[in-house]
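Biologist: Could you take a close look at one part of this model for me, and then walk me outward from there? I'd like one connected account.

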Amino acid sequence: MEAKILENNAVITVELIGRLDTAAAQEVSEKLLPLQEKADRTIVLDCSQLNYISSSGLRIFLALRKASAVKGGKVIVKSINDDIRTVFMMTGFLNLFEIEA
Amino acid sequence: MAKVQDTIKHLASLQGIMMIVVAALMLAATSVIQSYYARKGLLSEAEQRAQRELTITQLRIENVTGPVESALVNTAWIAQMNLSKPDTLHTLLKNLMDSNPVLADAAIGFVADYYPEKGYWYEPVVARRPNGEYEEMILGSTSHDYFKMDWYAMPARTGEKYWSEPYFDESAGRTTVVSYAIPLKDREGKLVGVISADLTLEWLSDLLHDFQLYPNTYCTLESAGGQMIVSPPADRMDNKSEKYSMHLESTGWDMSIVIPRNEIFRTVNKLSLMLGFLQLMGLMLLGMISFKSVRDQSKLETVRSKKDKMDNELRIARGIQMSMVPKQFPPFPERKDVDLSATIVPAREVGGDLYDFFIRNDKLFFCIGDVSGKGVPAALVMAVTRSLFRSVSAHEKSPQRIVSSMNESMSEMNDSNMFVTFFCGVLNLSSGHLHFCNAGHNAPMLLSDSVEHLSVLPNLPLGVMPEMQYVEEECYLPAGSSLLLYTDGITEAENASREQFGERRTMEALDPSLGVKENQERLLSSIDDFVGNAERSDDLTMLIIRYMGADKSSVTRRSLVLRNDIQQIPLLAEYILAIAEEKHLGRSLAMNLNLALEEAVTNVMLYAYPKDTEGLIDIESELKENAIEFNISDGGKPFDPTHAPEVDTTKSLEERKIGGLGIHLVRKIMDEVHYTRKDGRNILTMIKII
């Protein structure tokens, strides 16, 4: 699992590559923790290379989303595959996030 | 068996009888010989005694007849001198009578017409009367014609002295007499008459009845003419007797001593009787001894046959005992995931070692045990232990519960204070996850990269303490590793100098890269080389299990064991991938299953096992016709994820909680989710219909 953070002025893009399972979640969570401070900006979670996500990953997403809501920013989930879309659906995340193709 | 015994008894008694018969024959022969010589000796002694007696009696008789003879000769001489005075002859005869009291009478018979004045006959006689007086008589007449009488006729004719036959003298003595007569001659030698003296026979009878050589012995005296002077008693005639005789020259009499044979042999008869009695007693004693010895021998035979029977039964018991443990190797030739080899090399005595194993639901149940002590009691306890293991493990898959249950049963009925060291393991063949519980047995050896002891709690042997709390332990057997279970007969095998084989040699004999059979042979031959010719005192028992890893080909069950570590989670993906490939499941379904599984396992790691504690999580999947069933179990603290409150996915962002998503996903993905707490374990069952 790899998480690349690309900061570009107002938009912070996070490339998530691989499987975001419980084992990987801790490291990703730590890596993305500073973003909560910058949640007033637009954060794009690029999931085009994300194969898998479990509740641990979803919690990271949710935490960011909550921080962004507090700070007045924006979280965009971009390019999720169908499987992950199903997970988002099952968890009601489709209603919480702005999903981009 | 009974028939053989009877035959032995019969032969033995026959032998006894033969012995008695031979002894009896020998005794009888001895008796006959002894009796023969004794009789011979007694006979010759009797003869000697009789001859001596006869000689004495002869002397005593001649002591009487001799004086009579000489007196008569003297009287004849005086008579010759006085032939011219016939009237003096009575006086002469009286003198003769006086000097010889045995004479009844005496007489001189003259030839016819010797004294013409006296007539044709002239015979002066003197007879003794019962009152002692003498009666003088002159006899000689037609009625008493002495010329015709033997006492006169014989000497007159022969000119010799003459002892007559006994006869009754009517005229003179009036008693039975024997006459002694000699011719009377004148000075020219011409016969002038016969001078005779009659001897009464009473003195002879007295003389001959006087002695008692043997009881019932008698004497007879026979005249030269064959008449009895002294007769035998009438009642003695028919008895079997020995007769000893002597001829008396002077009188011509024959004297005999008759001794009844039974009197001669009285002593020997008595002796024979006594000997016979003793011999009979001896024979009876011999018979009794022989009978007793026969009985003893038959008793001995009985004891021996009993011992044989017992040995035989022990052998059978041993056979039964050996038949109670699996002996077919390889036991599961069709399985690629596990191989076993086990053996009990029996010592001289029946022992109490055991091992057992079987596979149920892809789990290998196995055990090894060693009953304290030896012999039949140990064998019986071994049989009980093995039966208990089978019956308890039939409905129980936790080694701890198997061991505890066995311990309770064995402690309850342990009146003989025997205990069993026991090791019980359950190996999940689809994962290599091993649960085990030890009851005082020596720790098995794990043959992985190297050979080392498995870390095992000792606990207490079975049957010691009913309330003993046994602790279950677990570990993971890597594919290709082996486990050696053994009894102390292996490590304590002694050579001639009483050194023990020990654990080091045991470890050195094993090679982790080899199969079970090879390792068993290596270990046994190593022990053989070490022990040499020393006697084996204990069974050598070993059980080697080699786990080859889950058989990937065509299985309906798959298992996975994870440690309590988040970093193990990615293994679930591989696990699901394998199942997906097997069942040709779609990628999405596979991902969903992976997700559900991950959430369930993560919950266990987060809530059942405290952080950073050791713990294993078993994941089993069973592929069914139209469903997949997962079982996730752990030994952590009770945690029921199904009790978690439902997450409301419709809530607004502000109301949404961070947690609770995991179990929510599980519920969403799976068709059925159940939780049970069993045997100290959390078991979560999830079913997905496909």
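Modeller: Sure. First, a cut-off we'll need: a residue is called buried here if 20 or more other C-beta atoms lie within 10 Å of its own, with C-beta atoms placed from the backbone. And keep in mind that this is a predicted model.

Now to helix H2 of chain B, which covers residues 89-99. Its buried residues are Leu89(B), Leu92(B), Leu93(B), Leu96(B) and Met97(B). Look down the axis of H2(B) and those buried residues fall within an arc of 140°, so they line one face of the helix.

H2(B) sits in a chain with 14 helices and 26 strands. Of the 690 residues in chain B, 36% are buried. If you take the contacts in chain B with a separation of 6 or more, 67% are between residues 24 or more positions apart.

Let's move along to another pair of helices in chain B, H13(B) and H14(B). Their axes come within 8 Å and cross at roughly 140°. The two helices are therefore oblique to each other, and H13(B) passes H14(B) in a left-handed crossing. On the H13(B) side, the residues that meet H14(B) are Asn592(B), Leu595(B), Ala596(B), Glu599(B), Ala600(B), Thr602(B) and Asn603(B). Across from them, H14(B) brings Gly662(B), Ile663(B), Leu665(B), Val666(B) and Ile669(B). Sorted by class, the residues of this helix-helix contact come out as 7 nonpolar, 4 polar and 1 charged.

These helices also take us to the partner chain. Between the chains, 21 residues of chain B are in contact with 22 residues of chain A. Helices H12 (570-583), H13 (587-608) and H14 (661-669) of chain B each supply at least two residues of the side that touches chain A. H13(B) gives the most to that side, with 6 residues. The class count for the side of chain B that touches chain A is 10 nonpolar, 7 polar and 4 charged residues.

And the partner itself? Chain A has 4 helices and 5 strands, and from the N terminus on its elements run β-β-α-β-α-β-α-α-β. Buried residues make up 44% of its 101 residues. Among the contacts in chain A between residues at least 6 apart in sequence, 71% join residues at least 24 apart.

Terms used: Residues are numbered from 1 along each chain as its sequence is written. Chains are lettered from A and ligands numbered from 1 in the order in which they are written. This is a predicted model: local features need pLDDT of at least 70, side-chain atom pairs count only at pLDDT 80 or more; totals for chains, interfaces and linings use all residues. Two residues are in contact if their C-beta atoms, placed from the backbone, lie within 7 Å. Ala, Val, Leu, Ile, Met, Phe, Trp, Tyr, Cys and Pro count as nonpolar, Asp, Glu, Lys and Arg as charged, and the others, Gly among them, as polar. Axes are lines fitted to C-alpha atoms, for helices over the stretch in contact, and angles run from 0 to 180 degrees between N-to-C directions. Angles under 35 degrees count as roughly parallel, over 145 as roughly antiparallel, 65 to 115 as roughly perpendicular and the rest as oblique. A crossing is left-handed if the near helix is turned anticlockwise from the far one by less than a right angle, and right-handed if clockwise. A residue is buried if 20 or more other C-beta atoms lie within 10 Å of its own, exposed if 12 or fewer, and partly exposed in between; C-beta atoms are placed from the backbone. The arc is that of the directions from the helix axis to the C-beta atoms.
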